[in-house]
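Here's a quick walk through one structure, taken a piece at a time. Have the viewer open and follow along.

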Amino acid sequence: MRLDQVFASGKPTISFEFFPPKTEEGFSSLYQTIEELKPLNPSYVSVTYGAGGSTRTRTVELAGRIQNQIGINTVAHLTCVGHTADEIGQILDQLWDQGIRNILALRGDPQGGVWTKTDGGFDHADELVRYVRSRHDFFIAVAGFPEGHPQCLNRIRDLEHLKGKIDAGAGAIVTQLFFDNNDFHRFRDDCQRMGITVPIVAGIMPITNVAQIKRFVTMCGAKIPMPLLRKLEKLESDPQAVYEAGVDYATNQCQDLLFHDVSGLHFYTLNKSKATTQIVQRLKRRTV
Ligand SMILES: Cc1cc2nc3c(=O)[nH]c(=O)nc-3n(C[C@H](O)[C@H](O)[C@H](O)COP(=O)(O)OP(=O)(O)OC[C@H]3O[C@@H](n4cnc5c(N)ncnc54)[C@H](O)[C@@H]3O)c2cc1C
């Protein structure tokens, strides 16, 4: 089902993001995770597209399997990294043939970090959005950055580029993870001022490990608010206490977002079910 039909209900969506594992054991464990999360009735799940290597072909395979065999509406991520337009066209055809109707269109980050356009490919996500539209009748979502994209020269310019992606045909925004809801609220207000009216889905990453989250935030440019950082560092030697603090923090963050009429919550699950399940169950208990 195209996500415009899902968003049309006006109810906040709940979605889970997975990445294609590198090994067969990784896949068995991921299918177990998906079975554990399925009873939470996600509005959709999404499958990431790797920066290179064998996991890229697995995005099509995994998205098709979740959509057709496990029976959950699936969004396939797709990036411009290392691909010509023709190659992207072939991947889009495969996804369409698998019954996938939703694409998260991204520029991607090359391994090594410095962006270089592939000859015959695309320079920015807006070009990919136009191309996806021209190929099949997919619903297209794009990435948004409440704290600004790490490479942007200026926040307003970044928002202008985001508006360019919407004008190119994207119908929703899924944000980068963030920990300070004020960043999200300000971003959503700024989007509105820019004339961006599509649903904006908040990216949530439950913190379950201090070293891991520090690694993530340095890669994606999100910031950890000082009180949360201090608390995590104090608990660092006690993994269970970190886990509980992370689940509590994310639950409260989501509750505040729901209170402020967020269009959806998108959980970066890292292919694990426990923290996301606890958060969603707590939210359901608090809202009934
Ligand atoms: C929800 C989400 C899911 C993601 N999933 C994946 C994934 O599956 N695989 C993966 O490899 N990465 C993924 N990423 C990471 C993403 O690919 C990177 O953050 C990447 O650096 C930016 O992608 P983008 O689509 O926002 O790029 P763009 O929208 O192209 O923006 C990239 C930079 O270029 C600027 N820009 C945009 N358009 C123009 C223009 N027309 N002219 C000049 N400058 C412009 C922007 O301001 C920004 O600084 C994801 C990110 C998010 C938030």
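## Histidine 149

Let's start in a loop: histidine 149 sits between β5 (139-144) and α6 (155-167). Keep in mind that this is a predicted model.

Is histidine 149 buried or exposed? Its relative accessibility comes out at 19%, and the cut-off for buried is under 20%, so histidine 149 counts as buried. Once you set aside neighbours within four places in sequence, histidine 149 has contacts with Arg107 and Asp158.

## Around the ligand

His149 turns up again at the ligand, where it is among the closest residues, together with Tyr49, Asp109, Asp158 and Lys165. The surrounding set runs to 24 residues. By type, that shell splits into nine nonpolar, ten polar and five charged residues. As for where they come from, β3 (74-79), β4 (102-106), α5 (125-135), α6 and β6 (172-177) each chip in at least two.

Now for the polar atoms. Asp158, already met as a contact of histidine 149, has a side-chain N or O atom 2.6 Å from a ligand oxygen. Glycine 108 takes part through its backbone, with a polar atom 3.0 Å from an oxygen of the ligand. Histidine 124 brings a side-chain N or O atom to 3.4 Å from a ligand nitrogen. How much of the ligand does the protein bury? On its own the ligand exposes 970 Å², and 85% of that is buried by the protein.

## Strand β7 and its partner

β6, one of the suppliers of the ligand shell, also pairs with β7: the two run parallel and are joined by three bridges. If you want a spot to look at, find valine 174, which stands opposite valine 201 in β7.

Strand β7 (residues 200-204) is mostly covered, with five of its five residues buried. Which residues point which way? Ile200, Ala202 and Ile204 go to one side of β7, while Val201 and Gly203 go to the other, and all of them are buried.

## Asparagine 181

Last stop: helix α7 (residues 181-194), home of asparagine 181. With a relative accessible area of 10%, asparagine 181 is buried.

What does asparagine 181 touch, leaving aside its neighbours within four places in sequence? Its contacts are Gln253, Asp256 and Leu257. You can also check asparagine 181 against isoleucine 224: they are 43 residues apart in sequence, and their C-alpha atoms are 11 Å apart in space.

Notes: Residues are numbered from 1 along each chain as its sequence is written. This is a predicted model: local features need pLDDT of at least 70, side-chain atom pairs count only at pLDDT 80 or more; totals for chains, interfaces and linings use all residues. Side-chain values use heavy atoms; hydrogens and water are left out. Helices (H or I, at least four residues) and strands (E, at least two) are DSSP runs, numbered from the N terminus. Buried means under 20% relative accessible area, exposed over 50%, partly exposed in between (1.4 Å probe, protein chains only). Contact means heavy atoms within 4.5 Å. A residue is near a molecule or strand if one of its heavy atoms lies within 4 Å of it. A polar contact is a pair of N or O atoms within 3.5 Å; within protein, one must be able to donate a hydrogen and the other to accept it, and residues adjacent in sequence count only if both atoms are side-chain atoms. Accessible areas come from the Shrake-Rupley method with a 1.4 Å probe; for residues, only the protein chains shown count as cover. Ala, Val, Leu, Ile, Met, Phe, Trp, Tyr, Cys and Pro count as nonpolar, Asp, Glu, Lys and Arg as charged, and the others, Gly among them, as polar. Two strands pair if DSSP finds at least two bridges between them.
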